[in-house]
Amino acid sequence: MAVNRVPVLKRCRALGLEPMYLGYDKKSKRTNARAGKKVSEYGLQLREKQKAKFIYGVLEKPFRNYYEKADRMKGMTGENLMVMLESRLDSVVFRMGFARTRREARQIVGHKHVLVNGKCVQIPSYLIKAGDVIEIREKSKSMQRYKDILEVTAHRLVPEWMDVDIENFKGTIKALPTREQIDVPVNEMLIVELYSK
């Protein structure tokens, strides 16, 4: 399995992205050397795609597959793409506050700590549907790791499209998010323009 091992702050700086979107509280004191340079139209489109891939931890081929699937769905392709990325199981676990970062959420899912509707799911890219119940399995709830996570994520705002009982590590998806409810700084129209060339 391919894993992105790029240092997070370095990548954030290169993409002009705040680390808080990935769940990191750190700030980089360095500035990007290319910050003032003019970027071509293709360069802007590519940066938006790289931003979306980096935030959600998706590699090129799966990202392309998401785009093609979003293109076949009804409605706006860009919005469909963002909703699909946001409804991945690892992203939902992160949003619910059961993990400090999306990378940690991916690991939690991969280590069989997450139940979806009572069944163990270990696929981070599993797409959640409205009405699904996501919880941390009973055996894992008492682990010190989750007590530490709660301390960090207790003040995090939970999106309105989900109901979360943080004490019992359980959450319900009320409805799939709309584009307005996804607070990710990505211009999906530029990604659509890039892929539709």
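These questions and answers cover the cores and one helix of a predicted model.

Residues are numbered from 1 along each chain as its sequence is written. In this predicted model, local features need pLDDT of at least 70, side-chain atom pairs count only at pLDDT 80 or more, totals for chains, interfaces and linings use all residues, and side-chain values use heavy atoms, with hydrogens and water left out.

Student: Which element gives the largest share of the largest nonpolar core?
Tutor: A nonpolar core is a set of buried Ala, Val, Leu, Ile, Met, Phe, Trp, Tyr and Cys residues joined through side-chain atoms within 4.5 Å. Buried means under 20% relative accessible area (1.4 Å probe, protein chains only). This core has 25 residues, and α1, α2, α3, α4 and α9 each give two or more. The largest share, 5 residues, comes from α4.

Student: How many residues are in the second, separate core?
Tutor: This core includes Ile108, Val109, Tyr146 and Phe169. Its total is 23 residues.

Student: Why are the buried residues of α6 on the same side?
Tutor: Helices are DSSP runs (H or I, at least four residues), numbered from the N terminus. In α6, residues 102-110, the buried ones are Arg102, Glu104, Ala105, Ile108 and Val109. The arc is taken from the directions from the helix axis to the C-beta atoms. They lie on the same side of α6 because they cover an arc of only 155 degrees.

Student: Which residue follows α6 with a positive phi?
Tutor: Look just after the helix. The phi there is near 60 degrees. The residue is Lys112.

Definitions and conventions. Buried < 20%, exposed > 50% of the residue type's maximum accessible area, 1.4 Å probe, protein only.
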